[in-house]
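The following report describes one molecular model for computational work. Please consult the sequence and the coordinates displayed below while reading.

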Amino acid sequence: MTDASPSPQHPKAFLSHASEDKAVFTEPLARDLARLGVDPWLDRWEIRPGDSLVQKLFDEGLAHADAVVVVVSRHSVSKAWVREELDHGMVSRIEHGTRLIPVRLDDVEVPAPLRHLVWHNAERSPEGIAKAAQEIADTLHGTSRKPSVGAVPTYAHASVQIPGLASADAFLLTLAIQAAIEAGQSQLLDWPAIEQKAQEAGLVGANLHESTTALAEQHYLDVRFFGEQVNRASLTSYGYSAGIQAVMPDVDEGRRRVIALLVNDPPTGDRIMHDLADRANVPLLVVRELLKDLQLRGLLSYSLTMGDHTQLHSVSPTLRRQI
């Protein structure tokens with residue numbers, strides 16, 4: 001014969017209630033609790049003819065309960081036995097940590113000793129009983145309704161730090177710079193491809209839009225929006241300068257090689273940018289931004305024509321000091 005006694009792992013719940021609520025609520029609740037792995041103590045099932053009522057209720061039922069479920073209804077609020085069981089439950093809660101779980105029916109006023117506790121509002125229906133049983137079982141089994149915390153998104157722990165930018169914004173800026181390096185220019189970035197990479201790293205939805213907006217407002221990117229969609233985006237010189245070191249830690253060494261070529265062996269022809277990029281082994285974008293900066297500082301002069309043709313006109317003698 002199979003032993004049907006409950007496992008010691010099952011929490012025990014004493015059901016305190018009025019007899020009027022037994023058939024329509026408390027006994028179905030007890031059956032649902034048993035199905036959910038809670039050992040319910042219900043007087044109808046535990047007390048036999050000839051048993052001592054006080055001994056069964058207090059010495060066996062309440063004394064060994066992990067929780068006292070108090071069914072508060074229009075019938076039970078005036079019952080002396082329910083009040084006695086509640087008083088015993090309050091003492092047990094203080095002395096032994098027994099849980100007190102109020103389940104309220106009929107919108108009645110909860111007794112004063114229970115008002116400081118969170119109670120469950122239940123309905124006298126199969127659905128209402130099942131919901132109450134699930135709430136109680138989740139509480140006694142320690143099941144949390146809080147969703148599990150997933151892994152930290154890639155963008156959040158990426159080793160990208162740019163002063164003045166949040167991690168998500170810095171990550172998005174580095175994606176833009178990488179895209180500009182691959183394209184060889186900073187204008188008209190392939191923004192859908194950048195967004196796809198950001199989304200794969202966990203930067204999605206409103207967070208992605210917020211980071212894009214933040215970079216545009218702070219002039220790291222030049223963005224044209226169509227509603228909330230990006231219509232076109234370009235990397236600004238300010239954005240390039242702020243983030244290139246994070247993408248290319250050795251960019252300063254690359255700049256020095258380009259400047260050394262300009263000073264010692266200046267390129268000729270009409271594609272000087274491509275020539276410098278090939279000979280110095282640096283990305284074309286780095287050369288473009290460097291020449292633009294040097295011209296603004298009066299250290300060289302060049303012209304850019306259609307078809308990406310560039311010609312070098314002059315190099316300042318003081319450019320040597322930049323090496």
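Two strands are taken to pair if DSSP finds at least two bridges between them. Helices (H or I, at least four residues) and strands (E, at least two) are DSSP runs, numbered from the N terminus. The model is predicted, so that local features need pLDDT of at least 70 and side-chain atom pairs count only at pLDDT 80 or more, while totals for chains, interfaces and linings use all residues. Residues are numbered from 1 along each chain as its sequence is written, and side-chain values use heavy atoms, with hydrogens and water left out.

**Strands**

Strands β8 (residues 300-305) and β9 (residues 309-315) run antiparallel and are joined by six bridges. Within this pair, Ser-301 stands opposite Ser-314 of β9. The two strands form a hairpin with three residues between them, and Gly-307 in the turn has a positive phi of about 80°.

An open sheet of five strands, with parallel pairing, follows the order β2-β1-β3-β4-β5. Its edge strands, β2 (39-41) and β5 (120-121), each pair on one side only. Strand β4 (residues 99-104) is joined to β5 by two bridges, and Arg-104 has Asn-121 of β5 as its bridge partner.

**Helices on the sheet**

Two helices lie across strands of this sheet, in contact with them (heavy atoms within 4.5 Å). Axes are lines fitted to C-alpha atoms, for helices over the stretch in contact, and angles run from 0 to 180 degrees between N-to-C directions.

| Helix | Strands crossed | Angle |
|---|---|---|
| α1 (residues 22-35) | β1 (12-16), β2, β3 (67-72), β4 | about 175° to β1 |
| α5 (residues 126-141) | β1, β3, β4, β5 | about 165° to β4 |

**Helix pair**

The axes of α7 (residues 167-183) and α10 (residues 237-247) come within 9 Å and cross at roughly 90°. Helix α7 is therefore roughly perpendicular to α10 (the class for 65 to 115 degrees). Helix α7 contributes Leu-173, Thr-174, Ile-177, Gln-178 and Ile-181 to the contact, and α10 contributes Gly-239, Tyr-240, Gly-243, Ile-244, Ala-246 and Val-247.

**Largest pocket**

The largest pocket has a volume of about 440 Å³. A pocket is an open set of points on a 1 Å grid over the protein atoms alone where a 1.4 Å probe fits, with protein on both sides within 12 Å along at least five of seven lines; lining residues have an atom within 4 Å of a point. Of its 18 lining residues, Arg-99, Ile-101, Val-118, Glu-135 and Thr-139 are the closest to the centre. Helix α5 gives the most to this lining, with five residues.

Note on methods. Angles under 35 degrees count as roughly parallel, over 145 as roughly antiparallel, 65 to 115 as roughly perpendicular and the rest as oblique. Grid points are joined across faces, edges and corners, and a volume is the space filled by probe spheres set on the points.
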